[in-house]
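Student: I would like to practise reading a structure by setting values against definitions. Could we go through one together?

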Amino acid sequence: YYLAPHQLIYERAETGLQGKFSMAYCVSAALLDGQVGLAQFEEARVQRPDVQAFMPKVRMFVHPEQTTRECLPTRFSEVTIRLTDGRTLQQRISHAKGQPKNPISDADLDAKFRDCAARVLPADRVTSVLGAIRTLETVPDVSAIASALIPPAAR
């Protein structure tokens, strides 16, 4: 939609931070890696030759139906892929994954938590914290859960 070019300001990302604001990088990483998680925003991944070579093939345009503020209630994303054999694949998504009308699955949410938490917590603690979080609404005191979230090096 019309605001995307003002938010995704880097056509060719060279750093992890730039990658977070680059449609070309995010699409390239998603296609090459099959996912976009924290690892895709590490400097080494952004700078790898395969992703640097792929980014110029990705172009972002504001769709003609999405040029004004009035489009916000009905905004969508549309991806068109032109294959080397001449075929064109196109998909329009009205609600991004994780939005109320397209909620993220529990399995995907768990995977996202594990990806983030594993960077600072040992694997066994990630699993126990995830289990504890599932019972968050019924625990009388959350201090044990909060304490379990503190990385070992910070204790």
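Student: How much of the contacts in the protein chain with a separation of 6 or more comes from residues 24 or more positions apart?
Tutor: Contact means heavy atoms within 4.5 Å. Of the contacts with a separation of 6 or more, 40% join residues 24 or more positions apart. Before we go on: this is a predicted model, in which local features need pLDDT of at least 70 and side-chain atom pairs count only at pLDDT 80 or more, while totals for chains, interfaces and linings use all residues. Residues are numbered from 1 along each chain as its sequence is written, and side-chain values use heavy atoms, with hydrogens and water left out.

Student: How do you know what confidence the predictor has in the protein chain?
Tutor: We look at pLDDT, the predictor's confidence in each residue, from 0 to 100. The mean for the protein chain is 93, and 99% of its residues reach 70 or more. Among the elements, helix 2 has the highest mean, 98, and helix 8 (residues 143-148) the lowest, 88.

Student: What are the elements of the secondary structure, and how many are there?
Tutor: The protein chain has eight helices and two strands. They are DSSP runs numbered from the N terminus: helices are H or I with at least four residues, and strands are E with at least two. Along the sequence the pattern reads α-α-α-α-α-β-β-α-α-α.

Student: Why is Gln-66 called buried or exposed?
Tutor: Buried means under 20% relative accessible area, exposed over 50%, and partly exposed in between (1.4 Å probe, protein chains only). Gln-66 has 1%, so it is called buried. This residue lies in the loop between helix 5 (49-54) and strand 1 (77-82). Beyond its neighbours within four places in sequence, its contacts include Tyr-1, Tyr-2 and Phe-76.

Student: And what about Gln-18, buried or exposed?
Tutor: Its relative accessible area is 19%, therefore Gln-18 counts as buried. Gln-18 is placed in helix 2 (residues 16-19). Not counting residues up to four places away in sequence, Gln-18 touches Tyr-10, Arg-12 and Ala-13.

Student: What makes Arg-12 count as buried, exposed or partly exposed?
Tutor: Arg-12 has 41% relative accessibility, so it counts as partly exposed. Arg-12 is in the loop between helix 1 and helix 2. Pro-56 is 44 residues away from Arg-12 in sequence, yet their C-alpha atoms are 7.3 Å apart in space. Arg-12 touches Pro-56, and also Gln-18, Gln-52, Ala-53 and Met-55, leaving out residues up to four places away in sequence.

Student: How is Glu-11 classed, buried or exposed?
Tutor: With a relative accessible area of 73%, Glu-11 is past the limit and therefore exposed. Glu-11 is found in the loop between helix 1 (4-7) and helix 2. Glu-11 still has contacts: apart from neighbours within four places, these are Ser-22, Ala-24 and Met-55.

Student: Which residues make up the largest nonpolar core?
Tutor: A nonpolar core is a set of buried Ala, Val, Leu, Ile, Met, Phe, Trp, Tyr and Cys residues joined through side-chain atoms within 4.5 Å. Here the largest has nine residues: Ala-13, Ala-24, Tyr-25, Ala-29, Phe-41, Val-46, Val-51, Met-55 and Val-58. Helix 3 (residues 23-33) gives the largest share, three residues. Val-51 touches residues including Tyr-25, Ala-29 and Val-46, with those up to four places away in sequence not counted.

Student: How do you know how many bridges join strand 1 to strand 2?
Tutor: Two strands pair if DSSP finds at least two bridges between them. Six join strand 1 to strand 2 (residues 88-93), and the strands run antiparallel. Ser-77 stands opposite Ile-93, and Arg-82 has Thr-88 as its bridge partner. The two strands form a hairpin with five residues between them, and Gly-86 in the turn has a positive phi of about 95 degrees.

Student: What radius of gyration does the protein chain have, set against a compact globule?
Tutor: The radius is taken over C-alpha atoms, and the globule rule is 2.2 Å times the number of residues to the power 0.38. For 155 residues a compact globule would be near 15 Å, but the protein chain has 19 Å. Along its principal axes the C-alpha trace spans about 55 × 40 × 30 Å.
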